[in-house]
Amino acid sequence: MQNVSRGAKLSQMKLEEIQAPVLEQLTETSALMESTLNSDVELINQIRNIVPISKGKKVRSTLLFLLSGASENNSPHLPAMASSIELIHLASLIHDDILDNAELRRGTNTLNHELGNLISVLGGDFLFVHSLNLMNGVDNPDLLSILLESTQVMVEGQLQEIGNN
């Protein structure tokens, strides 16, 4: 019976409460995402100004940090892994907006609405590649393999969605 009431309490928690134990790591992840996307290419800087690089809810990063804490994994690479996961998610949102011809996401103009589909596709691709570059320094082939396989499945799903329409 105790598990039922505990589960009910968890479902009533706000995201901020769930993220409180890992807030420092989430802040580090946001900073890493912002700092590593600097570029001399003006169009990439325009993309960064339109796309909310570090403003999302970071649900995936939160889960990564909470689960790593539960397993007592204190890898110094966790922020890079979290940044990589968040950038892949962001790239998939950019590509989804193109597929859906969306003009708004969370009340803000989408990248494709602002700069067009061609630049948006390449912007999403840039984030995908950048996320893989972040994982390159992690020195764990198994993690990279999981990330690559997950990304492949995600892209296959997007292509299947297009094929079904």
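Gln158 sits in helix 9 of what is a predicted model. Its relative accessibility comes out at 12%, and because the cut-off for buried is under 20%, Gln158 counts as buried. Leaving aside residues up to four places away in sequence, Gln158 touches Ser92, His95, Asp96 and Leu99. Helix 6 spans residues 78–100, so these four partners of Gln158 carry numbers that fall in that stretch. Leu66 is another story: 92 residues separate Leu66 and Gln158 along the chain, and their C-alpha atoms are 29 Å apart.

Right next door in sequence, the picture flips. Leu159 also has its place in helix 9, but at 54% relative accessibility Leu159 is exposed, since the bar for that label is over 50%. Leu159 helps to build a nonpolar surface patch of about 330 Å², together with Leu99, Val155 and Ile162. Helix 9, which runs over residues 141–164, supplies the largest share of that patch, namely three residues. Leu99 thus turns up twice, as a contact of Gln158 and as a member of the nonpolar patch.

Two backbone oddities come next. Most residues other than glycine have a negative phi. Asn101 is not a glycine, yet its phi is positive, at about 55 degrees. This residue belongs to the loop that links helix 6 to strand 1, the latter covering 104–105. With a relative accessible area of 58%, Asn101 clears the over 50% mark and is therefore exposed. Arg106 does much the same kind of thing with its backbone: phi is near 50 degrees, again a positive value in a residue other than glycine. Its home is the loop between strand 1 and strand 2, with strand 2 made of residues 108–109. Arg106 has a relative accessible area of 57%, so it too counts as exposed.

Zooming out, the secondary structure amounts to nine helices and two strands. Going along the sequence, the order is α-α-α-α-α-α-β-β-α-α-α, which puts the two strands after helix 6. The C-alpha atoms take up a box of roughly 55 × 35 × 30 Å along the principal axes. The protein has 165 residues, and 32% of them count as buried. As for how the chain meets itself, among contacts with a separation of 6 or more, 69% are between residues 24 or more positions apart.

The surface and the charges round things off. About 10400 Å² is exposed by the protein, with carbon and sulfur atoms supplying 55% of that area. On the charge side, there are 10 positive and 20 negative side chains. The centres of these two sets do not coincide, but lie 11 Å apart.

Conventions. Residues are numbered from 1 along each chain as its sequence is written. This is a predicted model: local features need pLDDT of at least 70, side-chain atom pairs count only at pLDDT 80 or more; totals for chains, interfaces and linings use all residues. Side-chain values use heavy atoms; hydrogens and water are left out. Buried means under 20% relative accessible area, exposed over 50%, partly exposed in between (1.4 Å probe, protein chains only). Contact means heavy atoms within 4.5 Å. Accessible areas come from the Shrake-Rupley method with a 1.4 Å probe; for residues, only the protein chains shown count as cover. Lys and Arg count as positive and Asp and Glu as negative; His and the chain ends are not counted. The place of a charge is taken as NZ of Lys, CZ of Arg, CG of Asp or CD of Glu. Patches are made of residues with over 30% relative accessible area and no salt bridge: like charges are joined within 9 Å, nonpolar side chains (Val, Leu, Ile, Met, Phe, Trp, Tyr) within 5 Å. A salt bridge is a side-chain nitrogen of Lys or Arg within 4 Å of a carboxyl oxygen of Asp or Glu.
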